[in-house]
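Please read this briefing alongside the model, taking the charged side-chain pairs before the strand pairing.

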Amino acid sequence: MTQTIFPDDFLWGAATAAYQIEGSPLADGAGASIWQRFSHDPRLMAAKGDTGDVACDHYNRMPADVALMKELGLKAYRFSVNWGRVLPEGIGRVNEPGLDFYERLVDELLKNDIEPLLTLHHWDLPAALDDKGGWLNRDSADWFAEYGSVMYRRLDGRVKKWVTLNEPWVITDGGYLHGALAPGHRNLFETPIASHNLMRAHGRAVQAYRSEGAHEIGLVVNIEPKYPASDSAEDLAATARAHAYMNRQYLDPALKGSYPDELADVFGEAWPQWPVEDLKDICQPVDFIGINYYTRNVVRADPNQWPVGASPVRQVATHTTTDWEVYPPALTDMLIWFRDTYGDIPVYITENGAAFYDPPRAGPDGIDDPLRCDYLRTHISAIGDAIRQGVDVRGYMAWSLLDNLEWSLGFSKRFGIVHVDYETQVRTPKRSARFYSSVIAANGGNLG
Ligand code: BGC
């Protein structure tokens with residue numbers, strides 16, 4: 001039976017990020033990023049030897065990749081700009097050839113009727129700015145707004161949907177608390193400072209957009225719903241802390257102008273009193289929120305787990321190769337929670353997908369990836385359930401268009417709906433890509 005739950009103009013797309021796919025990170029005058037440094041440092045990078053030097057070579061293959069998007073029927077493409085290609089020192093001098101790459105990408109997308117969603121920052125902070133303290137420096141908010149303005153001036157006529165930051169939680173938890181991601185710090189005191197400056201940067205970039213741009217701008221966060229393992233007071237409190245730390249730490253200041261009270265428990269003496277003016281700066285009206293959803297988490301209290309005091313309880317369920325539980329109902333629950341908590345703000349699912357094993361080379365029959373097909377089908381259906389319950393979801397971006405560099409885990413995890421043979425750079429749409437094409441063609445009406 002064909003049901004049409006998805007609005008006619010629902011934006012079906014796929015997402016990528018600059019450092020994960022582009023390659024040529026220093027080409028044509030680009031400045032190095034913190035990921036360039038991190039991936040080349042064997043003391044820091046878990047998948048030693050894997051770097052973004054070549055990755056998917058998208059920098060050189062962009063027109064063919066856009067043709068592939070067209071062939072798959074994508075209506076939108078979410079990508080990020082490598083800040084240091086445009087401003088090699090992060091501020092000041094503009095590098096025209098770097099900017100030109102993104103202009104050509106946008107023009108190629110528009111020529112193919114694919115709507116660009118441009119993310120200003122997906123983790124690759126210019127190394128020159130890290131040398132000045134990076135996100136620990138209060139000036140970072142102004143650096144980011146300056147960079148945003150350069151992009152708006154050049155591209156707002158053609159790009160109608162802008163994203164300030166991708167997943168500030170991952171930047172701070174991975175980059176400043178646990179050191180698993182760039183810039184590789186491990187410091188409880190730095191973590192809330194980096195978070196706060198990222199949010200100030202978001203606020204400033206939105207303010208700059210209002211004076212330069214004429215379309216839409218929003219923030220992308222990752223949300224991992226937290227469910228208590230039991231009804232005990234300890235587990236409930238641990239769940240509230242985990243939820244505040246991972247999910248509300250960014251949405252609350254951006255949309256309500258305050259931080260969750262639980263953060264003072266999580267960070268203890270490392271949690272500062274923030275100036276009220278900063279929160280006013282952060283809480284700027286946005287046109288949409290992008291939510292990246294991959295998995296949920298069942299939580300129990302665990303005083304030994306620093307700093308949140310909560311541990312995940314592994315469920316008997318299908319897990320991906322990143323060991324994430326596959327649990328689509330949490331996507332519906334989360335969208336309803338978002339609407340009930342923050343109001344009727346338009347939402348895009350800006351990332352959703354799964355790493356499952358695929359061979360390094362596609363066989364004559366291509367790549368059959370039934371688990372990924374199932375993941376996409378059940379998660380898109382879960383979004384349909386939320387829309388049926390009145391949540392204003394306007395689009396869905398599969399993560400990822402291409403297999404790519406999964407950050408510190410390197411090329412070992414394949415999230416693509418399109419397979420990449422890293423030796424030959426041959427792209428092969430997996431069965432999941434064909435399945436997703438059929439969903440787009442039917443506007444979600446073939447999901448059953
Ligand atoms: C990030 C992507 C990443 C994906 C899978 C998200 O946290 O935005 O860059 O590859 O999840 O881990």
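Does Asp113 count as buried or exposed? In this predicted model, Asp113 counts as exposed, because its relative accessibility is 61% and the exposed class begins over 50%. The points below take up the salt bridge that this residue forms, then other charged pairs, and finally an open sheet.

**The pair Asp113 and Lys70**

- Asp113 and Lys70 form a salt bridge in which the closest N and O atoms are 4.0 Å apart, a value to be read against a criterion of within 4 Å.
- Because Asp113 lies in the loop between helix 5 (96-111) and strand 3 (115-121), while Lys70 belongs to helix 3 (residues 58-72), the pair ties together parts that are 43 residues apart in sequence.
- Lys70 has a relative accessible area of 39% and is partly exposed, whereas its partner Asp113, at 61%, counts as exposed.

**Other salt bridges**

- Side chains of opposite charge can pair when their charged atoms come close.
- By the salt-bridge rule, the count for the model comes to 39.
- Arg93 forms a salt bridge with Glu89, and the closest N and O atoms of this pair are 2.9 Å apart.
- Both partners are partly exposed, Arg93 with a relative accessible area of 47% and Glu89 with one of 34%.
- A salt bridge also joins the side chains of Asp392 and Arg394, with an N to O distance of 2.9 Å.
- Asp392 is partly exposed at a relative accessible area of 24%, and Arg394, with 34% relative accessibility, likewise counts as partly exposed.
- Elsewhere, Asp358, Asp369, Arg372, Asp403, Arg414 and Lys430 are joined into one network by salt bridges that share partners.

**An open sheet of 3 strands**

- The strands of this open sheet follow the order 6-8-9, and their pairing is mixed.
- Strand 6 (226-228) and strand 9 (310-312) stand at the edges, and because each has a single partner strand, one side of each is left without a neighbour in the sheet.
- On average, and with direction ignored, neighbouring strands of this sheet are turned by 45° against each other.
- The pairing between strand 6 and strand 8 (residues 297-301) runs in the parallel sense and extends over 3 bridges.
- Where strand 8 is concerned, its residue Val298 stands opposite Tyr227.

Key. Residues numbered from 1 in each chain as written. Predicted model: local features only at pLDDT ≥ 70, side-chain atom pairs only at ≥ 80, totals over all residues. Heavy atoms only, no water. Helix = DSSP H or I, 4+ residues; strand = E, 2+ residues; numbered from the N terminus. Buried < 20%, exposed > 50% of the residue type's maximum accessible area, 1.4 Å probe, protein only. Pairing = 2+ DSSP bridges. Axes fitted to C-alpha atoms, helices over the stretch in contact; angles between N-to-C directions.
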